[in-house]
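Trainee: I would like to take a close look at a single residue and see how it sits within the chain as a whole. Could you walk me through one, with its surroundings?

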Amino acid sequence: MKSCLAFSKRYGLKRVFGVVLRENRQMLRLADKLGFKKASSPASNEIELIIDIEKLDLYTL
């Protein structure tokens with residue numbers, strides 16, 4: 001995931017997002033560790049993860 005974020009920053013992407021199932025606890029823990037913001041609907045089984053690449057300091061990951 002760190003490599004993907006570094007690639008995204010290097011190529012000028014502003015934001016990265018993805019969708020993860022609620023039961024994917026390992027991915028959600030990784031997302032927390034990396035600083036992703038979460039958005040979801042109580043009725044949905046999915047959580048949207050969003051991170052601002054422009055503000056990301058890759059050396060602190």
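Mentor: Buried residues make up 23% of the 61 residues in the chain, and a good one to follow is Ile51, which lies in strand β3, the stretch covering residues 46-52. Please keep in mind throughout that this is a predicted model. To place the strand first, the chain has two helices and three strands, and read from the N terminus these elements follow one another as α-β-α-β-β. The C-alpha atoms fill a box of roughly 35 × 20 × 15 Å along the principal axes.

Turning to Ile51 itself, its relative accessible area is 4%, and because buried means under 20%, Ile51 counts as buried. As for what surrounds Ile51, leaving aside residues up to four places away in sequence, Ile51 touches Leu5, Lys14, Arg15 and Val16, then Leu34, Gly35 and Phe36, and also Leu56. Lys37, which is 14 residues from Ile51 in sequence, has its C-alpha 6.2 Å from that of Ile51.

These contacts can be set beside the figures for the whole chain, where, among contacts between residues at least 6 apart in sequence, 60% join residues at least 24 apart. On the outside, the accessible surface of the chain comes to about 4700 Å², with 54% of it belonging to carbon and sulfur atoms. The charged side chains number 12 positive and 7 negative, and the centres of these two sets lie 4 Å apart.

Methods. Residues numbered from 1 in each chain as written. Predicted model: local features only at pLDDT ≥ 70, side-chain atom pairs only at ≥ 80, totals over all residues. Heavy atoms only, no water. Helix = DSSP H or I, 4+ residues; strand = E, 2+ residues; numbered from the N terminus. Buried < 20%, exposed > 50% of the residue type's maximum accessible area, 1.4 Å probe, protein only. Contact = heavy atoms within 4.5 Å. Areas by Shrake-Rupley, 256 points an atom, 1.4 Å probe, with all protein chains shown as cover. Lys, Arg positive; Asp, Glu negative; His and termini not counted. Charge placed at Lys NZ, Arg CZ, Asp CG, Glu CD.
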